[in-house]
Amino acid sequence: MTNLFSFENVNVTIEDTKVLGDVSLQIPVGHLTVVAGASGSGKTSLLRLCNRLDVPTAGTVRFRGTDLAELDPLVLRRRVGMVFQQPVLFGGTVAENLHVAASDAGPDQLATALAGVELGAEFLARIGDDLSGGEAQRVCLARALLCEPEVLLMDEPTAALHPAARRSLEATVQILQQESKVDVVWVTHDMEQISRMADHLVVLADGDVLYSGPAQSAEADWALATLAEEVD
Amino acid sequence: MGQGDVDALGLVTSLLLIGVALAVSLGQQLRLEKQLVWATLRAFAQLIVMGFVLAWLLEPGRSVLYSWLWVVGMVLFAAWTVRNRAPEVPGLFPIALAALTASMVVTMGVIFGLRIFPMEARAIVPLGGMMIGNSLGSTVLAARRTADELTDKRPEVEARLALGYSSAQAGRPYVREAIKTALTPRIESAKAAGLVFLPGAMTGLILAGVDPIDAVLVQAAIMYLILGTAATTSVVIGLGSVRRLFTPDHRLRRLVRKA
């Protein structure tokens with residue numbers, strides 16, 4: 001079966017500093033993959049390669065078997081949605097923010113998008129700046145989903161949220177992944193979140209792959225124990 | 001003194017307000033003293049050199065070709081200044097040079113083609129200077145603000161890119177803001193012409209004894225050309241900067257905020 005993403009000897013260097021060093025790994029289709037690592041381990045850099053917000057210094061990244069360099073980045077980015085660590089809302093109402101992703105969408109479609117992330121239609125008229133962090137992140141998620149992506153890249157999406165909002169967003173994404181069949185690649189350094197979310201796991205340390213494989217295995221436990229020491 | 005002459009005492013007196021500004025800067029710890037002194041000395045030195053150059057250019061029998069060469073030099077210096085003010089924008093010099101050159105060709109073509117002024121050294125150099133000098137501020141601001149906007153709003157720009165926007169679409173709201181900021185002083189200046197201040201060329205012509213209505217018409221033409229030049233170069237520089245700040249595959253380049 002073709003993998004969702006394949007990394008083949010991928011290197012990323014920024015101003016002579018290694019960010020990712022000779023990374024080779026696969027992210028399978030049909031899973032919620034968690035990319036874990038301490039701060040500066042290269043996990044966000046790995047994620048940004050998946051929708052070509054960055055490109056590797058050397059090596060190849062493939063999406064469903066095709067070299068990303070051969071794909072139109074604008075088409076790719078609508079197939080591979082992304083939610084950032086800090087919720088990014090543009091000026092105006094929630095409806096206006098959602099229209100940035102789908103300019104032709106009517107009120108019903110926007111309300112459905114919000115319902116998918118467990119927000120009521122009354123949010124459409126709310127000003128983005130007035131929302132809580134959790135609400136804003138849900139709007140960002142709804143906006144990404146309006147592009148009908150095959151994959152969602154989530155870059156520490158709960159880092160700025162309080163624990164209750166964190167758990168709630170996790171649950172929403174898990175439901176989305178199971179019911180909408182959207183593959184999810186979720187970046188985090190939160191050890192509890194890793195155990196709650198991952199069914200496939202990638203652990204990075206200083207730009208190298210410490211582990212890549214099923215989340216339930218003795219090797220995964222060893223990698224997480226090593227990561228826990230580093231995070232502490 | 002009289003009829004536009006100024007002696008050493010008059011020149012020193014004109015520096016009084018600079019002295020006040022220096023005192024305010026020191027008192028309020030604005031740290032502008034060095035820049036104020038440098039700008040004052042540099043402007044004086046440049047104007048003295050300009051005076052000698054003009055005197056040389058205006059000598060009877062001197063070819064106007066030298067005046068045009070001087071204008072070419074001004075355009076090159078202006079383009080170099082734009083590039084230096086926004087060093088994080090790669091390849092800005094050729095864009096600035098093309099924009100300023102094209103604007104100069106059009107404006108000087110209008111001024112001398114329609115015989116608003118005779119094509120003589122005494123008109124070519126000062127008018128060229130006015131056009132370039134007035135558009136330089138807006139052009140530098142357009143480049144600077146575009147780079148700053150894209151640096152400051154990187155998360156927003158990348159959020160748009162992540163939704164499948166092209167670099168031109170993703171950068172549009174920010175370059176629009178940058179161009180608006182760059183042109184606002186020029187637009188406000190045009191709105192205030194005649195009400196708040198009397199523009200330089202008109203004042204000069206009236207002082208030289210030209211009929212005020214004729215002076216006003218000449219000034220209006222010059223003002224429109226200055227506004228048009230500033231607007232055109234700012235838009236070209238703003239849009240050009242956006243193109244240079246993104247890669248061809250619609251990624252925002254890494255930008256380092258200028259200290």
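What follows is a dialogue between a trainee and a mentor about a predicted model.

Trainee: What makes strand β8 (residues 183–188) of chain A largely enclosed?

Mentor: A residue is buried if 20 or more other C-beta atoms lie within 10 Å of its own. In β8(A), 6 of the 6 residues meet that criterion, so the strand is largely enclosed by the rest of the structure. Both faces take part: D183(A), V185(A) and V187(A) point one way, V184(A), W186(A) and T188(A) point the other way, and all are buried.

Trainee: How do you know that β8(A) pairs with strand β3 (residues 32–37) of chain A?

Mentor: Two strands pair if DSSP finds at least two bridges between them. Between β3(A) and β8(A) there are 5 bridges, in the parallel sense, so the pairing criterion is satisfied. Within this pair, T33(A) stands opposite V185(A).

Trainee: What joins β8(A) to strand β7 (residues 151–155) of chain A?

Mentor: Here 5 bridges are found, and the two strands run parallel. L153(A) of chain A stands opposite V185(A). β7(A) and β8(A) also belong to a right-handed β-α-β unit, together with helix α6 (residues 163–179) of chain A.

Trainee: Why is that unit called right-handed?

Mentor: The term applies because, with the strands pointing away from the viewer, the path from the first strand over the helix to the second runs clockwise. In this unit the strands are β7(A) and β8(A), and the helix is α6(A).

Trainee: Which residues touch V185(A), not counting those up to four places away in sequence?

Mentor: They are I27(A), T33(A), V35(A), L47(A), C50(A), V151(A), L153(A) and M154(A). T33(A) and L153(A) are also the residues that stand opposite V185(A).

Trainee: What makes V185(A) stand out in the largest nonpolar core?

Mentor: That core has 119 residues, and V185(A) and V203(A) touch the most other members. Its largest share, 13 residues, comes from helix α6 (residues 121–152) of chain B.

Trainee: How do you know that helix α1 (residues 43–50) of chain A is mostly covered?

Mentor: By the count: 8 of its 8 residues are buried. Among them are the charged residues K43(A) and R48(A). The helix lies across β1, β2 and β4 (58–63) of chain A, at about 60° to β2(A). Just after α1(A), R52(A) takes a positive phi of about 60°.

Trainee: Why are β2 (17–27) and β5 (66–67) of chain A called edge strands?

Mentor: Each pairs on one side only. The open sheet has 4 strands in the order β2-β1-β4-β5, with antiparallel pairing. For β2(A), the partner is strand β1 (residues 5–14) of chain A, over 7 bridges. In that pair V12(A) stands opposite L20(A).

Trainee: How do you know that chain A and chain B are in contact?

Mentor: Two residues are in contact if their C-beta atoms lie within 7 Å. On that basis 16 residues of chain A are in contact with 12 residues of chain B. Helix α2 (residues 73–79) of chain A gives the most to the chain A side, with 4 residues. By class, that side has 10 nonpolar, 2 polar and 4 charged residues.

Trainee: What makes up chain B?

Mentor: Chain B has 10 helices and 0 strands. Buried residues make up 31% of its 259 residues. Its C-alpha trace spans about 65 × 50 × 35 Å along the principal axes.

Methods: Residues numbered from 1 in each chain as written. Chains lettered and ligands numbered in written order. Predicted model: local features only at pLDDT ≥ 70, side-chain atom pairs only at ≥ 80, totals over all residues. Buried ≥ 20, exposed ≤ 12 C-beta atoms within 10 Å, placed from the backbone. Axes fitted to C-alpha atoms, helices over the stretch in contact; angles between N-to-C directions. Core = buried A, V, L, I, M, F, W, Y, C linked by C-beta atoms within 7 Å.
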